[in-house]
Amino acid sequence: VKYVYSFGQQTDGDATMRNLLGGKGANLAEMANIGLPVPPGFTITTEVCTYYYDNGRTYPASLQAEMEDAVAKMEKQMGTKFGATDGMPLLVAVRSGARDSMPGMMDTILNLGLNDESVEALTKATDNPRFAWDCYRRFIQMYGDVVLGVQAGPNEDVEPFEAVIHAFKHEVYGKDVIDSSLTAEDQQELVKRFKQLVKDRTGKGFPNDPWDQLRGAAGAVFGSWMNDRAIVYRQKYGIPAEWGTAVNVQAMVFGNTGETSGSGVAFTRNPANGENEFYGEFLVNAQGEDVVAGVRTPEPVAKLEEVMPKSYKELLKVRKKLEKHFKDVQDVEFTIQEGKLYMLQTRNGKRTAAAALKFSIDMVKERLINWETAVLRNPADQLDQLLAPIFDAADVKKAKLLATGLPAGPGAASGKIYFNAERAVDAEARGEKVLLTRVETSPEDLRGMIAAEGILTARGGVSSHAALVARQMGKVCVCGAGELQIDYDKKTLTVGKNVFKEGDFLSIDGTTGQVFAGEIKAAPSEIIDGLINGKKAAQKTEKYQSYIKLMEWCSKATRLQVRTNADTPEQTKNAIAFGASGIGLTRTEHMFFEGDRIDAMREMILADSLEGRQKALKKLLPYQRKDFAGIFKALKGLPATIRLLDPPLHEFLPHTKEQQMDLARTLGIKVEKIMQRVADLHEFNPMLGFRGCRLAISYPEIAEMQARAIFEAAAQCEKKGIKATPEVMIPLVGFKKELDIQTEIVHRVAKEVQEKKGVKLSYTVGTMIEVPRGALTADEIAQTAEFFSFGTNDLTQTCLGMSRDDTGSFLGKYQEVEILKANPFASIDQTGVGQLVETAIEKGRKTRPGIKLGICGEHGGDPASVKFCHNAGLTYVSCSPFRVPVARLAAAQAAI
Ligand code: ADP
Ligand code: MG
Ligand code: MG
């Protein structure tokens, strides 16, 4: 097996090999292949990482020899020598490289290969002692921190190396001076103190031998794959631990040699709003992380044109070439050494949903990609960012503008400010809306960022940690709002004369970068305003029109239909505006809670005779009929799957003494009777109790009333020329006989209504498949059922034997140890539940080849589940109205 892949004059890999080389390594190889100026180097493959963990943290035997070969190639190309004590030494960067860049992975180590001898050689070769000792000092600091673990302990506020620098500056200059003003001698002294610090903290000397250094750094990269932060991140994004990380070793180029050098990061287009403009920042005379570290404020990349016009021109050429080659927006890192440009990294740029939409539409126009690719470029699970509310313009005018930072994550967010991640997480758990507010964020804040509605920082640019993570998570974010003064100790945020305490409300607009005092009401986005509210002005916006175009493409591609779960005409209308092709689930019980219907419902439950129940049901009939008529009207002929009563009856009864007294008065009965009935209906496990079709097996008059309401409403509509297509659905069926008994009732009532009203109705009767027995005997059930709708919520509960409402105590742990990759109630368990679905489909079709198949339940709006449904050959998925666009996009993507 080959463990080491070189890039440079000779390049072994390419962009297709990201599984083996990691994202960074594969793209470094690709850039070298297309002739871009990439410093030479090599990638140690992810297979070595896997080997490392499988073999008690050891390496394959052939690795060292392969690395020596690869280093020799670098030396040849650079004309330098690794660990040289004479002539220019080869220094390297050691960079981690998972398939996708990942917070928590080891920080890059620069200038590796320096020691007390080679630093002299570097001084001599460059005739620049300040530079040489600056490199050496940085190297010891990075290596000491990252590899040797010399870091702040629990009782230290300042990183130990920074503390040494601070003390030194005060000792020599009497104040804090900027790093770049330190002399060669200063750096030399710092090196001495750093080495002492390492010795004090670790009990060992700093490794002198470049090969020891290199092996140590590579080991640290592999080691970081299993650190806590990396594990948390992988969990959130469902990345398997087996993937492993690669290690990149690359010849150093130097952005810190003086005023003709520098270092920067850029996007080939604006990743926040999608504009086709070069976007990024750089620092003169800086190395590596200086740009994103926020120590000095970087300049916008366009300024390079003034400072280094030749390099800028070259960079613009690279920008074009990269987009043309990768056919996507790139996020690049570059360094300029004495006027010469080097590319250090490229990857597809993370983008907001708004930017993704604009990129995809623009690139089709530019003929860079086709429309199918454009559909795939819009992440389905981010689409609802576009539908997210924006601040109401009128309210914003009234609000007090405190500061303006950089717009780093679009959308509007209002919430209580919290200054650390832990308290933000706690507040969110209490149900508060949270704005995580920090001077700047670091990977330690990840949990807090997940919990927050929005993220606000006082420092940091568009490539700062906060901006990066917000873009990825789709969080609203304003960063670098410099006017904000945050005092962590006092837990206050001060802007001019205004002082805010932790827990006070602020509002941020991540599209404009504005920070406002207090809470601001949010208003619908242009897309919602245009689609749902029919506002003409909104429909003229570019965003709206791009969205419409995208959905047109989706319709063109898709096979799987998207229906909606809706119980009211209003919800139905919204869903249809979003492109739903009907209702996949109407939960009739929701209708029983409105107004005084609940009294009639309770009367029905409390009645102890058939007559009593029928009397109460008679009161409910007109309500239900009206509801159904409204829904049919809103549907304009599209089908509606209507589920008969499903929940356990006790859910409808009052449970406090006070409510029970009230009800007793209303119904004119004794409160004891109500208490008795509540006690009777108590179940140890209502989820598996007297519910679903079991209700109407015992009380057929309930099914009869509901069927009557459905068909009378349909007849009413038909008479007015509105087509109604009800699909009557019997819940929780596990036995064919259950379905038979109720189907007979439905057909009988349908016949009666049709004869009485003199209309011909088109309807079907089918069932939910939501208990394993139903799925396993689907061939029998399909003899009666004209359609199946998979109730994947209950099917998941019953298949896994996990009550949805009781998973809180163990689900987190299950995901942590990767028993479950995702929450099975959010994303369908394809191996287990999926098998039941597939079995039922196969058996159902055997009996009834054309059987209509759908899924309702939370999974219908989850992109991964939608894809599963497409592959399983379902006719439709059904989800809540506002998830319809997401499901349509996911369905189209599954078909492409
Ligand atoms: P990350 O994945 O955190 O971006 P990188 O490996 O890209 O880490 O390294 C971070 C920074 O270190 C780069 O942006 C670049 O400025 C600097 N760097 C990396 N490799 C080199 C190199 N070969 N020469 C000079 N600087 C480098
Ligand atoms: Mg990088
Ligand atoms: Mg159910």
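This report walks through the domains, an annotated site, two sheets, the main core and one loop residue of a predicted model.

## Domains

Let's start with the overall layout. The domain assignment splits the protein chain into five pieces, two of which are built from separate stretches of sequence: domain 1 takes 1-115 + 209-252, and domain 5 takes 558-648 + 683-895. Domain 2 (116-207) falls between the two stretches of domain 1, while domain 3 covers 262-350 and domain 4 covers 388-523. Taken over C-alpha atoms, the centres of domain 3 and domain 5 are 54 Å apart.

## The annotated site

An unreviewed UniProt entry carries a "binding site" annotation on Glu770 and Asp794. The pair spans 25 residues in sequence, but their C-alpha atoms are no more than 5.4 Å apart, so they gather at one spot.

The two residues sit in different kinds of element. Glu770 is in the loop that links β30 (764-769) to α31 (772-776), whereas Asp794 belongs to helix α33 (residues 792-800). Is Glu770 buried or exposed? Glu770 is buried, because 28 other C-beta atoms lie within 10 Å and 20 is enough to qualify. Asp794 is buried too, with 23 such neighbours within 10 Å.

Sequence neighbours within four places aside, Glu770 is in contact with Leu732, Gly791, Asp794 and Leu795. On the same terms, Asp794 is in contact with Leu732, Glu770 and Val771. So the annotated residues are in contact with each other, and Leu732 is in contact with both.

## A five-stranded sheet and its helix

Next up is an open antiparallel sheet of five strands, ordered β10-β9-β8-β11-β12. Its edges are β10 (299-300) and β12 (340-348), each of which pairs on one side only.

Inside the sheet, β8 (residues 262-267) and β9 (residues 279-284) pair antiparallel over six bridges, and Phe267 stands opposite Tyr279 in β9. Helix α12 (residues 309-326) lies across β11 (330-337) and β12, at about 150° to β11.

## A three-stranded sheet

The other sheet is also open and antiparallel, with three strands in the order β20-β21-β22. The edge strands β20 (485-487) and β22 (498-501) each have a single partner strand, so one side of each has no neighbour in the sheet. From one strand to the next, the twist averages 20°.

Strand β21 (residues 492-495) and β22 share four bridges in the antiparallel sense. Val495 has Asn498 as its bridge partner in β22.

## The nonpolar core

Nonpolar side chains tend to be buried together in soluble globular proteins. Here the largest nonpolar core has 265 residues, and the ones with the most contacts inside it are Val94, Ile109, Ala408, Phe632 and Val877. Helix α29 (residues 700-719) gives the most to this core, with 11 residues.

What is Val877 in contact with, leaving aside neighbours within four places in sequence? Its partners are Leu560, Val562, Gly854, Ile855, Gly860, Val866, Cys869 and Ala887.

## Pro207

Finally, a loop residue. Pro207 lies between α7 (184-202) and α8 (210-224). With 18 other C-beta atoms within 10 Å, Pro207 counts as partly exposed.

Beyond neighbours within four places in sequence, Pro207 is in contact with Asp212, Gln213 and Gly216. Phe505, 298 residues away along the chain, has its C-alpha atom 51 Å from that of Pro207.

Terms used
Residues numbered from 1 in each chain as written. Chains lettered and ligands numbered in written order. Predicted model: local features only at pLDDT ≥ 70, side-chain atom pairs only at ≥ 80, totals over all residues. Domains from an automatic or database assignment. UniProt positions renumbered as here; feature names shortened; annotations may be inferred. Helix = DSSP H or I, 4+ residues; strand = E, 2+ residues; numbered from the N terminus. Buried ≥ 20, exposed ≤ 12 C-beta atoms within 10 Å, placed from the backbone. Contact = placed C-beta atoms within 7 Å. Pairing = 2+ DSSP bridges. Axes fitted to C-alpha atoms, helices over the stretch in contact; angles between N-to-C directions. Core = buried A, V, L, I, M, F, W, Y, C linked by C-beta atoms within 7 Å.
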